[in-house]
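I opened this model to look up two things, a metal site and a sheet, and I keep my notes here in the order in which I checked them.

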Amino acid sequence: MKTLVLIENDALTRTLVAECLTGMDWMVLEADNGQAGIDLVLKHQPTAVVCDLRTPKRNGFQVCRLIREQPSLKNTHVIIMTVSRFANDRETAFAAGADDYLLKPIIPSELLRMLAGCGTNGTAPVAEPESLPRVTGPTSIRFWGVRGSIPTPGHDTSQYGGNTSCVELRVGDQIIILDAGSGIRRLGQALMKEVTEAGLNVSLLITHTHWDHIQGFPFFVPAYHPRVNIRILGYEGAVHGLRGALFEQMQSAFFPVGLNQMATHLTFEELDDMQFDLGAVKVRTIFANHPGICLGYRLTTPDGDVVYMPDHEAYERCEVERQKADHESSSHGIEYARIQDGKVVDFMQGADVLIADSQYDEAEYPSRRGWGHTCADDTVQLAMRAQVKRLVLFHHDPDHNDGRLDAMVERARGLVVEGTAKLEVSGAKEGEEIVLGKPSFAAMSS
Ligand SMILES: [Zn+2]
Ligand SMILES: [Zn+2]
């Protein structure tokens, strides 16, 4: 497949050009300004570039000149696209290094004619894996889905977001996805822009196969792309269940595309051990207190430790409430529950970021005891005991609107003050990014 970088500020025109190439042997990477386009060109070394003359940040002439300054791009076919019929612009474009000049409104056959020769005279060299530009950078976490149980789009959940669990962890050029709830759909769209001739490698860790953690996978577009390798791995129980669960949810009664229509680059790895390495990341797991096989993950990165435990019910309060409901009094039962909580605290110990189940508040928890989720008060207590640096309340209840979640975050912060702990608390919001090593949460720009 050949790669084309499309640099155009107008979304409609981008769509039009992309549509012209649908079903052809082209992968289109889009940028809405010249600088972003240049970044894509340098990163992906495309076969062709289509650039509007009047793009913000770098105009089409500048883009042409910058491309022609790069020896590795000498075969890249550059098409300047414009509404300008001025002869001067046409001449300047060719002088800057353009191969073709395409007038708007675009005639698809004209564009295809210009691109037709690219495969023979301008195929970009396929980069060897070792010569790929390495994306280096800090470790970052991005939230694509923060909700538990079922997606809840709506005006009253727009602040925190309505998609189910999906978190992206970047460690340098390594991409690790935690869970495949409905949030993975948008993550997939974003990742498609990073697919190069040499492909893209993604690791996916699934905590468990409840629907809210896998329902987005059939809509994860990279899974259908032949150059994307997806490695799904984890402890045996979770992963084995995943293969079966995905197969089931993609049966024809439920979904139009079968699992076997996803390319063969989808690998399921069942690990015997509860800990394993993922490139530069060391992964440890713990069984969560949740129906079925459900894991929590601790990922040790060069920039700090991240613990992800989206579905878990703290033991002690669960036992206390059970005894109340059953008119029972057993100090042994409470003690045992405390020991179990202690193991969870050990697992979370000293984490830089803890992303943890906080589905219920203290008023509603008793009526939901035994459903496998934690009262947010307990999440705060566990985090304080474990001397975690940042706590992100996660797996929001579908019935909790933005106002209710704001109140839960405020209460959690109050508990931290009462406990005189040094713990930063926030509620997970779709689109938010945490960069490890930085002191506060930064909003994602797109
Ligand atoms: Zn869940
Ligand atoms: Zn669950």
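**Zinc site**

I looked up the zinc ion (ligand 2) and found as its protein donors His208 (NE2), His210 (ND1), His290 (NE2) and Asp311 (OD), at 2.1 to 2.6 Å; donors are N, O and S atoms within 2.8 Å of the metal (3.2 Å for Na, K and Ca), and water is not among the atoms, so sites may look incomplete. This is a predicted model, in which local features need pLDDT of at least 70 and side-chain atom pairs count only at pLDDT 80 or more, while totals for chains, interfaces and linings use all residues. Residues are numbered from 1 along each chain as its sequence is written, chains are lettered from A and ligands numbered from 1 in written order, and side-chain values use heavy atoms, without hydrogens and water.

I noted that Asp311 coordinates both this ion and the zinc ion (ligand 1), the two ions being 3.5 Å apart. His208, in the loop between β9 (200-205) and β10 (228-235), and His290, in the loop between β13 (281-287) and β14 (295-301), are 82 residues apart. I found both His208 and His290 buried (under 20% relative accessible area, 1.4 Å probe, protein chains only).

**Sheet**

I then traced an open sheet of five strands, ordered β2-β1-β3-β4-β5 with parallel pairing; strands are DSSP runs of E, at least two residues, numbered from the N terminus, and two of them pair if DSSP finds at least two bridges between them. Its edge strands are β2 (26-31) and β5 (100-103), each pairing on one side only. Between β3 (residues 48-52) and β4 (residues 77-82) I found five bridges, and Asp52 stands opposite Met81 in β4.

Terms used. Helix = DSSP H or I, 4+ residues; strand = E, 2+ residues; numbered from the N terminus. Buried < 20%, exposed > 50% of the residue type's maximum accessible area, 1.4 Å probe, protein only.
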